[in-house]
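Open the structure in your viewer and keep the selection tool at hand. This tour tells you what to select next and what is to be found there.

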Number of protein chains: 2
Amino acid sequence: MKTVTQDRPYSQTLTRLREAGLRPTRQRLALGRLLFDGGDRHVTAEALHEEAQAAGVSVSLATVYNTLHQFTEAHLLREVVVDSARTYFDTNVSDHHHFFLENSGSLMDIDGNKIAITGLPQAPDGTDVARVDVIVRLQGTPRAAE
Amino acid sequence: MKTVTQDRPYSQTLTRLREAGLRPTRQRLALGRLLFDGGDRHVTAEALHEEAQAAGVSVSLATVYNTLHQFTEAHLLREVVVDSARTYFDTNVSDHHHFFLENSGSLMDIDGNKIAITGLPQAPDGTDVARVDVIVRLQGTPRAAE
DNA sequence: TCTCATATTTAGAATTATTCTAAGGTGTTG
DNA sequence: CAACACCTTAGAATAATTCTAAATATGAGA
Ligand SMILES: [Mn+2]
Ligand SMILES: [Mn+2]
Ligand SMILES: [Zn+2]
Ligand SMILES: [Zn+2]
């Protein structure tokens, strides 16, 4: 058996970009690796930009925004609206919901097929359900921090 | 029987403000009446400001923001997060959820005790559930507009 | 009713996340 | 390698919201 010699075997970012019709530029590859290597993540543009800098990848904030939006259009990411001040991007594009820790601003996934919503009225005439989002807002209990 | 001679009997805005410990200023009374007379509403600061202008009430946008936040602290309003670009304030402070029409940016209430969510994992250690929000995102079907 | 301390309003500046512009760099394909 | 479309980016622009600090209104008491 031969050893895989690619530098990042995990996420197959290059392949994903190709399939999405996006040129595999240095910036998109680097951001894609930060996003898709390892487990699911929820990031803001600013946070990903800082992470890239810290990793020694030179990429502008404008490109981070461009890339996050392009990845979202390509369904490699989805947006999560939980805070009217910042946009979160989610590498988990499967059907799921969220815990939102209002203190820290962090998100945790809730598997979409573990929960059920019953009694939803039907969508008004002339509309279709694009998505149902459940957000469980959490407050930290300082006591537990001891 | 005597006829009620108050100019706006509907919302008892004056009483509400007193109970909340807020001075019934001209601006707060006017905004309170716009918000609470008539049925439940979902407004943005900008929209309420324009509505006030149109009603001949002179109030600054800063005061609209101040007032919306004070009303929210006093639980006369609550915030609804559905769009990362603008904040909605909701005059319905009872337990309920929302349809969000992404095209028009409008919200419709879903009665909280008509729907049930089962299978929610318990909140992580050291946290408490502050609220559960269900947002049903709707896309208009242009066909129906004919 | 007048006074005065305090709460409120407001114009305009500041902040912050995000988007836009337009100029130069890069990936792909023949 | 040429050529062109696609990409990146610095910096300006935008837009919602917040802040500042000066002017004004409110209400408790005299
Ligand atoms: Mn905002
Ligand atoms: Mn924004
Ligand atoms: Zn997620
Ligand atoms: Zn509502």
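**Beside the DNA**

Select H4(A) to begin, for this helix gives the most to the surface near DNA strand C, with four residues, where near means that a heavy atom of the residue lies within 4 Å of the strand. This is a predicted model, in which local features need pLDDT of at least 70 and side-chain atom pairs pLDDT 80 or more, whereas totals for chains, interfaces and linings use all residues. Residues are numbered from 1 along each chain as its sequence is written, chains are lettered from A and ligands numbered from 1 in the order in which they are written, and side-chain values use heavy atoms, with hydrogens and water left out.

Next, select the 19 residues that surround DNA strand C, with Tyr65(A), His69(A), Thr25(B), Arg28(B) and Thr63(B) as the closest. Of the atoms of DNA strand C that come within 4 Å of the protein, 82% belong to sugar and phosphate.

Now look for polar contacts (pairs of N or O atoms within 3.5 Å). An N or O atom in the side chain of Tyr65(A) is 2.4 Å from a phosphate oxygen of DNA strand C, and a polar side-chain atom of Thr63(B) lies 2.7 Å from a phosphate oxygen of that strand.

**At the zinc ion**

Finally, select ligand 3, a zinc ion coordinated at 2.0 to 2.2 Å by His42(A), Asp90(A), His96(A), His98(A) and Asp109(A); donors here are N, O and S atoms within 2.8 Å of the metal (3.2 Å for Na, K and Ca), and water is not among the atoms, so sites may look incomplete.

Conventions
A polar contact is a pair of N or O atoms within 3.5 Å; within protein, one must be able to donate a hydrogen and the other to accept it, and residues adjacent in sequence count only if both atoms are side-chain atoms. Helices (H or I, at least four residues) and strands (E, at least two) are DSSP runs, numbered from the N terminus.
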